[in-house]
Amino acid sequence: ADPAGGGGRMVCEEGQYSQRLGIVGGNGMNGEGSLTAEGLVNKGAITNPCSDVTTNIKYANLGGCIGCVYGDVSIRNCENQGSVGVEQASAKSNGYSLILGGIIAMAGEGECVIEKCNNTGVMLNFFYNNNDWVAYTSNASGGIIGAYDYMAAGSRSCNKTARISDCTVTAGQWGYRGICGGIAGFAAKADISKCQCTGNMD
């Protein structure tokens with residue numbers, strides 16, 4: 001999983017909080033940063049380990065290219081070819097949210113522009129946490145972005161927009177509980193155009 005297109009494997013360490021995996025892991029927590037990414041290609045698997053059927057990471061954001069960005073983010077001409085997610089079937093995440101995205105797992109507290117990105121990597125969201133929707137902490141996954149302005153949506157949404165265009169998803173996506181979307185799992189406010197998803201969803 002490197003910008004040069006290597007076929008490695010990236011795994012969250014057990015017992016860690018707020019993990020962010022991708023070629024770029026993430027930035028600060030309060031919208032104070034920004035990120036511009038172009039031409040990233042990931043070919044390696046990005047996964048969350050399980051002990052029996054319990055994932056050992058709390059608040060994990062697993063993205064093919066980028067884990068999580070709080071603040072303005074611009075992503076263009078990026079591609080993910082590696083699988084992203086939890087490999088253990090019907091794994092639970094002990095009440096914490098697990099966000100998966102083919103290109104970026106989660107973004108919020110700023111404008112988000114994603115253009116001309118492709119995901120051919122399988123999304124393996126075999127997990128659950130039994131959280132309700134009131135707290136906006138259910139698990140989420142999307143072929144391009146897992147969630148935009150998600151955890152803040154219930155109380156302090158940034159009221160900005162995710163603009164996603166000319167993106168394609170051809171890989172399958174498997175989910176057990178939570179929310180799944182071919183392009184976006186969740187978006188508080190979005191403008192999505194000229195995108196297509198041809199992968200099976202189950």
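Modeller: Buried means under 20% relative accessible area, exposed over 50%, and partly exposed in between (1.4 Å probe, protein chains only). This is a predicted model, where local features need pLDDT of at least 70, side-chain atom pairs count only at pLDDT 80 or more, and totals for chains, interfaces and linings use all residues. Residues are numbered from 1 along each chain as its sequence is written, and side-chain values use heavy atoms, leaving out hydrogens and water.

Colleague: Thanks! Is Glu-115 buried, partly exposed or exposed?

Modeller: The relative accessible area of Glu-115 is 26%. Because that value falls between the 20% and 50% limits, Glu-115 counts as partly exposed.

Colleague: And which residue does the side chain of Glu-115 meet in a salt bridge?

Modeller: A salt bridge needs a Lys or Arg side-chain nitrogen within 4 Å of a carboxyl oxygen of Asp or Glu, and here the N to O distance is 2.8 Å. The pair links distant parts of the chain, 39 residues apart, with Glu-115 in strand β15 and its partner in strand β10 (strands are DSSP runs of E, at least two residues, numbered from the N terminus). The partner is partly exposed, at 30% relative accessible area. It is Arg-76.

Colleague: How many salt bridges are there by this rule?

Modeller: Besides the Arg-76 and Glu-115 pair, the side chains of Arg-163 and Asp-191 meet at 3.7 Å, N to O. That pair joins strands β20 and β25 (residues 190-193) across 28 residues of sequence. Arg-163 is partly exposed at 40%, as is Asp-191 at 40%. The count comes to 2.

Colleague: Now the inside: which strand gives the largest share of the largest nonpolar core?

Modeller: A nonpolar core is a set of buried Ala, Val, Leu, Ile, Met, Phe, Trp, Tyr and Cys residues joined through side-chain atoms within 4.5 Å. The largest one has 24 residues, with Ile-66, Ile-75 and Ile-114 touching the most other members. Strands supplying at least two residues each include β4 (33-38), β14 (104-108) and β19 (145-148). The largest share, 4 residues, comes from β10.

Colleague: Which Ser does Ile-114 touch?

Modeller: Contact means heavy atoms within 4.5 Å. Leaving aside residues up to four places away in sequence, the contacts of Ile-114 include Ile-75, Ile-104, Arg-163 and Cys-167. The Ser among them is Ser-165.

Colleague: Lastly, how far apart in space are Tyr-96 and Asn-129?

Modeller: Tyr-96 sits in the loop between β12 (84-92) and β13 (98-101), and is partly exposed at 22%. Asn-129 is 33 residues from Tyr-96 in sequence. In space, C-alpha to C-alpha, they are apart by 6.5 Å.
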